Amino acid sequence: MTSRKNQPSASSPSGSCTEAAPGFRAIGATPYLSPVPAVLVGCGDPQRGMRSNLITVAWTGICCSHPPMLSISLRKERHSHGLIERTREFTVNLANEDLLRPLDYCGVKSGRDHSKFEILGLTAIPAPPLTHAPALGESPAFLCCRVKDILPLGSHDLFLADILRVCVQERYFTPSGSIDEQAMKLVGYVHGKYRALGGELGFFGFSIAGREALLRRMPGGSK
Ligand SMILES: Cc1cc2nc3c(=O)[nH]c(=O)nc-3n(C[C@H](O)[C@H](O)[C@H](O)COP(=O)(O)O)c2cc1C
């Protein structure tokens, strides 16, 4: 739970209005979006024999389907910021419950002076077509990304990137060839806490789907 006191003044430090609609309490202008993913971003260090680094990133998201693109936002002081700025590539490795400790550790320790891969006993694997950034062998799936643009926003620089390839661990494919995301046990991030994802509630378009599709695809049958 996030505790916030009511803010009596009319404007927050950023100058935004804190007056709320009836029944709501304004908590200022904050990055309060949730749930968001927390991912392990892999990058390579060309100055140290391509030593690999991992950084935990929550400020990430898909921003275009065709061409497939995503963004990550990094503070300038992160070691990974410099590496990605130089190599212009990174991997986004999805995090699951088995990777929870590494996910947190890579978000509180810098790779500037030591290898997080070594300390955590994790496996850096090639991520073609990228040449510098490794992927995380233990991740259920990873996206290979090439930086297209870097936008300075304020506290963070946004790295806008093309998704060049996506790889999913064999074990998550069903015999029919679909991907069992439920089996991945992915985690979400909600205001400073890591959260397990609950069961499936519905599917894209279920609200207007026909009875046959609902019976076939809806968890627990028609709704
Ligand atoms: C859950 C979580 C999410 C984070 N999200 C971001 C983020 O989106 N952007 C960022 O710059 N730092 C973020 N951080 C902080 C970095 O991961 C942290 O400073 C890390 O130690 C930097 O590693 P590096 O110096 O090896 O690059 C996050 C940390 C945690 C624990």
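This is a short walk through one protein model, from its overall make-up to its two sheets and then to the surroundings of its ligand.

Before anything else, please keep in mind that the model is predicted, that local features are given where pLDDT is at least 70, that side-chain atom pairs count only at pLDDT 80 or more, and that totals for chains, interfaces and linings use all residues. Residue numbers start from 1 along each chain, as its sequence is written.

Let me begin with the whole chain. The protein has five helices and twelve strands, where helices (H or I, at least four residues) and strands (E, at least two) are DSSP runs numbered from the N terminus. The C-alpha trace spans about 55 × 55 × 35 Å along its principal axes. Of the 223 residues, 25% are buried, and a residue is called buried if 20 or more other C-beta atoms lie within 10 Å of its own, exposed if 12 or fewer do, and partly exposed in between, with the C-beta atoms placed from the backbone. If we take contacts between residues at least 6 apart in sequence, 56% of them join residues at least 24 apart; a contact requires C-beta atoms, placed from the backbone, within 7 Å.

Now to the first sheet. It is an open sheet of seven strands in the order S3-S2-S6-S9-S10-S5-S4, with antiparallel pairing, and two strands are said to pair if DSSP finds at least two bridges between them. S3 and strand S4 (60-64) are the edge strands, each pairing on one side only, and the twist from one strand to the next averages 35 degrees.

Within this sheet I would like to stay with S6 for a moment. Five of its five residues are buried, so S6 is largely enclosed by the rest of the structure. In a regular strand the side chains alternate between the two faces of the sheet. In S6, Glu89, Thr91 and Asn93 point one way, whereas Phe90 and Val92 point the other way. On one side, S6 pairs with S2 in the antiparallel sense over three bridges, and glycine 42 stands opposite threonine 91. S6 is also joined to S9 by five bridges, again antiparallel, with valine 92 opposite leucine 143. Further along the sheet, S5 and strand S10 (residues 156-168) pair over seven bridges, and serine 71 has leucine 160 as its bridge partner there.

What lies across these strands? Helix H1 lies across S2, S3, S5, S6, S9 and S10, and runs at about 60 degrees to S2; the axes behind that angle are lines fitted to C-alpha atoms, for helices over the stretch in contact, and angles run from 0 to 180 degrees between N-to-C directions.

The largest nonpolar core has 36 residues, of which Val39, Leu40, Val41 and Ala95 touch the most other members; such a core is a set of buried Ala, Val, Leu, Ile, Met, Phe, Trp, Tyr and Cys residues joined through C-beta atoms within 7 Å. Leaving aside residues up to four places away in sequence, valine 39 touches Val57, Thr60, Val92, Asn93, Leu94 and Ala95.

The second sheet is also open, with three strands in the order S1-S11-S12 and antiparallel pairing. S1 and S12 stand at its edges with a single partner strand each, so one side of each is left without a neighbour in the sheet. Tyrosine 189 of S11 links the description together, since valine 36 stands opposite tyrosine 189 and tyrosine 194 in S12 is a bridge partner of tyrosine 189. The hairpin of S11 and S12 has two residues between the strands, and histidine 191 takes a positive phi near 50 degrees there.

Finally, the ligand. Which residues come nearest? Of the 22 residues around the ligand, they are Trp59, His79, Ser80, Gly107 and Ser110, where a residue is near if its C-beta atom, placed from the backbone, lies within 6 Å. Strand S3 (51-57), strand S5 (69-75) and helix H1 (79-87) each give two or more residues to this shell, and the largest share, four residues, comes from S3.

Methods:
Two residues are in contact if their C-beta atoms, placed from the backbone, lie within 7 Å.
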